[in-house]
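Me: Please take one part of this structure and look at it closely. I would like to follow how its aromatic rings and its nonpolar core sit in the chain.

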Amino acid sequence: MSADTDVATTTGDAAGRPPRRRGRRALRWLGATLAALALLVVATIAALWWALHDAGGSAWLLGRVPQLTVVAPRGSLIGDFAAERIEIAFPGSGVLRLDAPSWHALAASRGDRGRWLKLRIATLHADRVTWLADAAAPAGEPARPPATLRVPVEVEVDAATVDELRIGSDDAAPLRMLRARVHVGADGGARHLLDDLALVRDRVRASGRAAIGAD
């Protein structure tokens, strides 16, 4: 009995004060961990904010986006930006090439209706936009349109201009002097709009507006 009592007393002491100490220690570790995580989140947001607003940071960030090649970038992604060339690769389909792309006064804000971002651009321009199909893509049934054209961001461009648009090889007949107001993700993401649309093909001039249902 005495041994049992001694053990019980010793265990009781070990399970009395030390658990409280262990509890305080655990809380301190938890608090320190949460503080470190909060600092990490703040540092990550600050680094991204710096990358978006700083020319060097923007170039660094663009170099890490897969399937994207940017040649001679100038300026920051938020604000004014330009480059010698941008190429976006779509594996198995082709490459979208933009020569001398630039934008002015890009601003970002919080999106709505489930979209996490809204971008507004005063002017967007490219000297030439070319779609080059992948010659190595296997022949088969024609590509099917996607089930939805909804995108997680909303983009408004007050004035978009393209001097020349080519689809196919460099000797394909181009569309010239394209201009439009663009709204990607209008009506809560349900439609994409091209207003004040104008273009020239050979000697034919056309103008109007277009709307594409996202679903």
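Reply: Helices and strands here are DSSP runs, with at least four residues for a helix and at least two for a strand, and they are numbered from the N terminus. On that basis the chain has four helices and eleven strands. The model is a predicted one.

Some values for the whole chain come before the close look. The chain has 215 residues, and 24% of them count as buried. Its exposed area is about 14,400 Å², of which 63% is supplied by carbon and sulfur atoms. Among contacts with a separation of 6 or more, 43% are between residues 24 or more positions apart.

Now the aromatic rings. A pair of aromatic rings is described by the distance of the centres and the angle of the planes. The structure holds two aromatic pairs. One of them is formed by Phe90 and Trp131, with 5.8 Å from centre to centre and 55 degrees between the planes. This pair is tilted, because stacked planes are under 30 degrees apart and edge-to-face planes are over 60. Phe90 belongs to strand 4 (residues 85-90) and Trp131 to strand 7 (residues 117-133), so the pair links parts of the chain that are 41 residues apart. Phe90 has a relative accessibility of 39% and therefore counts as partly exposed. Trp131, at 26%, is partly exposed too.

Next comes the core. In soluble globular proteins, nonpolar side chains tend to be buried together. The largest nonpolar core in this chain has 20 residues, and Val70, Phe81, Ile86, Trp103 and Leu106 are those with the most contacts inside it. At least two residues of this core come from each of strand 6 (102-109), strand 7 and strand 8. Strand 8 gives the most, with five residues. Around Ile86, leaving aside neighbours within four places in sequence, the contacts are Leu68, Thr69, Val70, Phe81, Leu96, Arg97, Leu98 and Pro101. Val70 and Phe81 are thus on the contact list of Ile86, and both are also named among the residues with the most contacts inside the core.

Strand 8 (residues 153-167) also holds Glu156. Glu156 counts as buried because its relative accessibility is 15%, and the cut-off for buried is under 20%. The side chains of Glu156 and Arg120 are joined by a polar contact of 3.5 Å. Beyond neighbours within four places in sequence, Glu156 is in contact with Lys118, Leu119, Arg120, Ile121, Val182 and His183.

How values were computed:
Residues numbered from 1 in each chain as written. Predicted model: local features only at pLDDT ≥ 70, side-chain atom pairs only at ≥ 80, totals over all residues. Heavy atoms only, no water. Phe/Tyr/Trp six-rings, centres within 6.5 Å; stacked < 30°, edge-to-face > 60°. Buried < 20%, exposed > 50% of the residue type's maximum accessible area, 1.4 Å probe, protein only. Contact = heavy atoms within 4.5 Å. Areas by Shrake-Rupley, 256 points an atom, 1.4 Å probe, with all protein chains shown as cover. Polar contact = N/O pair within 3.5 Å; in protein donor to acceptor, adjacent residues only side chain to side chain. Core = buried A, V, L, I, M, F, W, Y, C linked by side-chain atoms within 4.5 Å.
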